[in-house]
Amino acid sequence: MNYYFNRTKNRLITIFISIFALFSAVVTASETIPISTKNTMMVFGVKESQELTFLYFGQKLANSKELASSPYPWTERPAMPTFGGHRYVNEPMITATHANGELSTELYYVDHKTTKVDDNVSVTEINLKDNIYPFFVTYTITSYFNEDMLSQKVTVRHEEDGEVRLGNSYSSLIPLHSSDLYLSHFYGTWGDEFQLEEEKLGHGIKTIESKKGVRTTQSENASYLVSLDGKAKEDVGEVIGGALAWSGNYKLSFEMDEVNNLSILAGMNPFVSVYSLVKGEVFETPDMLTTYSASGKGLVSRNFHRWARKYGLMHGDQERPIVLNSWEGVYFNFDENTITNMIDDAAELGVEMFVLDDGWFGNEYPRNSSKAGLGDWQVNKKKLPQGINYLAAYANKKDLRFGLWIEPEMVNPKSELAINHPDWIVKRQGREALTARSQLMLDVTNPEVQDFIFKVVEDLLDDVPNIEYIKWDANRHVENIGSNYLSKEKQSHFWIDYTKGLYAIYDRVRQKYPNLILQACASGGGRIDFGSLKYHDEFWSSDNTDPLTRVYLQYGTNHFYPAIATGSHISASPNHQTKRVTSLKFRTDVAMSGRLGMELQLKDIKGKDREYILKAMNTYKEIRHVIQFGDLYRMHSPYDDSGWSSLNYVESNLHEAIAFLFTTKHHDDTIKAILKFKGLDPKKTYKIEELNIFDKKSFHGQSVYSGDYLMKAGIMLNATYMYDSVVLRAVVVD
Ligand code: DGJ
């Protein structure tokens with residue numbers, strides 16, 4: 001009886017499996033489009049119905065064709081869902097109102113091709129078309145092989161008789177399937193940017209977005225990490241990391257549906273941004289960069305840093321100079337003497353670039369505070385009678401390079417510019433224009449305004465060709481819009497056209513001044529994105545220069561953006577933003593972990609402190625190649641309760657490493673920190689040297705260890721009291 005029962009049961013199971021297999025063969029992909037990097041793979045599928053599906057993203061598969069017959073539901077997700085097509089009910093990647101008013105779009109695969117740009121980069125273009133309307137979409141995926149980076153973007157075009165209005169036009173969609181996904185993202189506010197927050201992704205939609213138009217990355221950065229197996233760890237676990245290369249409104253949406261399918265959509269924010277396209281017009285979305293790591297979020301960061309230094313950052317292969325910025329030293333209160341004295345001090349202490357910040361311009365409306373003068377880019381004759389030329393030449397004579405601050409997208413109502421060009425100002429029709437920091441925004445969608453801004457840069461650099469560095473600020477966001485330039489039908493193009501207009505200016509600046517060093521400032525932290533970094537050498541991470549805040553802030557920032565670009569300055573104590581009192585050593589060590597600079601009155605640094613600073617500047621010059629070009633490994637997180645934060649940078653040939661340890665809470669004297677290096681060569685022997693010692697050594701061990709020992713056992717450090725810090729250098733000795 002049992003035998004017959006089992007036989008029947010087994011037969012039924014076999015029949016069921018065969019039916020299921022047959023069913024899967026019908027519904028799954030008939031062709032796969034694998035896109036590989038060194039260790040990862042993203043695979044698209046084309047069904048027999050010619051629908052494009054997303055089959056896989058993760059570790060590189062030996063044979064991606066196996067995906068074509070996989071019966072799992074998560075391999076059946078549309079790669080580019082549209083509104084009204086293919087029964088898709090989640091947030092679509094594309095929504096369009098066709099010329100005849102029809103709201104639905106249904107895209108089908110047409111063809112694809114992969115073009116090798118060079119040994120490292122290849123571009124795959126997948127062409128899709130609506131089955132009824134002449135509405136065409138190209139999905140472009142660029143693979144950066146060695147950096148394990150993929151960049152996705154979408155291009156839309158139509159040949160309909162009339163205008164097509166685009167709503168959603170995201171750059172990428174990554175579908176995942178799991179119920180233990182954790183999202184890490186970076187929130188903040190002025191002076192406290194880039195704070196790490198990690199949360200479990202539940203059902204529903206979680207979005208990270210900006211609707212602020214300008215300074216879009218100050219309250220949330222357009223980047224994320226999704227850990228696929230519990231909270232993200234540094235060196236183990238599967239983690240996906242993404243960052244959008246766009247300086248305008250953006251949206252990252254994490255939608256978990258009822259069957260635990262997660263859809264990660266990323267791109268420009270469709271918020272009040274309907275964009276009409278005439279026949280033949282090409283609309284391109286920004287690049288969404290994504291990497292995958294099977295060994296924790298540390299590798300996600302290193303992939304982004306390596307990619308950024310090679311492809312995503314201006315002059316990513318050039319060492320950055322040590323900067324003295326005048327802002328916290330003198331604010332608006334200076335004259336020629338004050339500045340030449342600062343330059344003297346800077347030269348004496350080994351600084352390489354002097355940057356004159358806000359307050360140098362405006363005559364009719366002098367820029368003596370944030371209330372007037374913005375827009376009038378003529379040197380203030382009262383403050384600087386011999387002009388910028390004189391200051392730049394003075395700096396050069398002292399062996400310093402010279403840089404200048406501008407904020408060319410903005411205008412104070414109290415300025416000649418605002419009086420002469422009221423039509424250039426962003427303003428709601430018939431309503432009051434609202435100021436922030438006493439300023440209004442120029443309408444960068446207007447080509448005349450773009451010409452004006454370019455000319456601000458051109459005139460300055462023509463007049464003073466030895467300006468080698470420009471700090472480009474933008475100190476407000478937008479709450480409402482209104483353009484005199486855009487037609488009434490195109491007011492909703494404002495957000496997108498503003499950013500495209502800004503990029504058009506940067507393109508011109510870069511074409512004419514390829515060697516200029518540009519800093520993206522935007523109140524600190526406001527324009528840290530790979531759209532802007534393509535044009536900039538670095539960013540001002542925050543207006544908060546307090547070293548303890550910076551430990552957290554730079555820890556967050558460097559999850560995606562590399563140390564070489566992270567402006568990090570030694571400032572006065574008590575700190576101007578937090579009033580916290582910290583030692584010169586702590587301030588110096590924290591600043592050294594990024595692109596080192598200073599932001600204080602150097603004449604106030606005296607005696608032993610002065611000698612210390614001079615030595616530290618020389619030390620930085622010796623080790624900066626490791627910090628600026630090395631691989632970052634994080635050890636202690638300031639967010640854990642160890643009370644330490646630590647990291648090390650390792651040269652790509654593993655020859656040299658620089659480690660930093662910062663104390664973030666008081667420890668009893670008996671409690672020591674154990675610092676385990678990461679990323680060294682286990683077979684090599686390293687000599688350890690403590691750098692930046694002020695009056696006590698923190699490392700008392702022997703000086704030579706194997707890489708294996710340094711990474712597995714680690715070394716003990718005396719760094720117990722609050723705001724203590726240690727810098728160590730490890731160099732191969734055999
Ligand atoms: C905001 C910047 O972040 C500061 O560094 C400084 O440049 C001020 N603007 C000047 O107004």
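Strand β21 (residues 323-325) and strand β22 (residues 353-356) run parallel and are joined by three bridges. One facing pair you can look for is Val-323, which stands opposite Met-353 in β22. Keep in mind as you explore that this is a predicted model.

What do these two strands belong to? They are part of a closed barrel of eight strands, with parallel pairing, in the order β21-β22-β23-β26-β27-β28-β29-β30. On average, neighbouring strands of this sheet are turned by 30° against each other, direction ignored. Strands of a sheet pair through backbone hydrogen bonds, either parallel or antiparallel.

Helices pack on this sheet too, and here are two of them:

| Helix | Strands touched | Angle with the direction of β29 |
|---|---|---|
| α10 (residues 547-557) | β28 (538-540) and β29 (566-571) | about 170° |
| α11 (residues 584-592) | β29 and β30 (595-599) | about 170° |

Now let's visit two single residues. Thr-619 sits in helix α12 (residues 607-629). Is Thr-619 buried or exposed? Thr-619 counts as buried because its relative accessibility is 12%, and buried means under 20%. Leaving aside residues up to four places away in sequence, Thr-619 touches Met-592, Leu-691 and Asn-692.

Gly-101 is found in a loop, between β5 (94-97) and β6 (107-116). With 43% relative accessibility, Gly-101 counts as partly exposed. Try finding Glu-163 as well: Gly-101 and Glu-163 are 62 residues apart along the chain, and their C-alpha atoms are separated by 9.7 Å.

Note on methods
Residues are numbered from 1 along each chain as its sequence is written. This is a predicted model: local features need pLDDT of at least 70, side-chain atom pairs count only at pLDDT 80 or more; totals for chains, interfaces and linings use all residues. Side-chain values use heavy atoms; hydrogens and water are left out. Helices (H or I, at least four residues) and strands (E, at least two) are DSSP runs, numbered from the N terminus. Buried means under 20% relative accessible area, exposed over 50%, partly exposed in between (1.4 Å probe, protein chains only). Contact means heavy atoms within 4.5 Å. Two strands pair if DSSP finds at least two bridges between them. Axes are lines fitted to C-alpha atoms, for helices over the stretch in contact, and angles run from 0 to 180 degrees between N-to-C directions.
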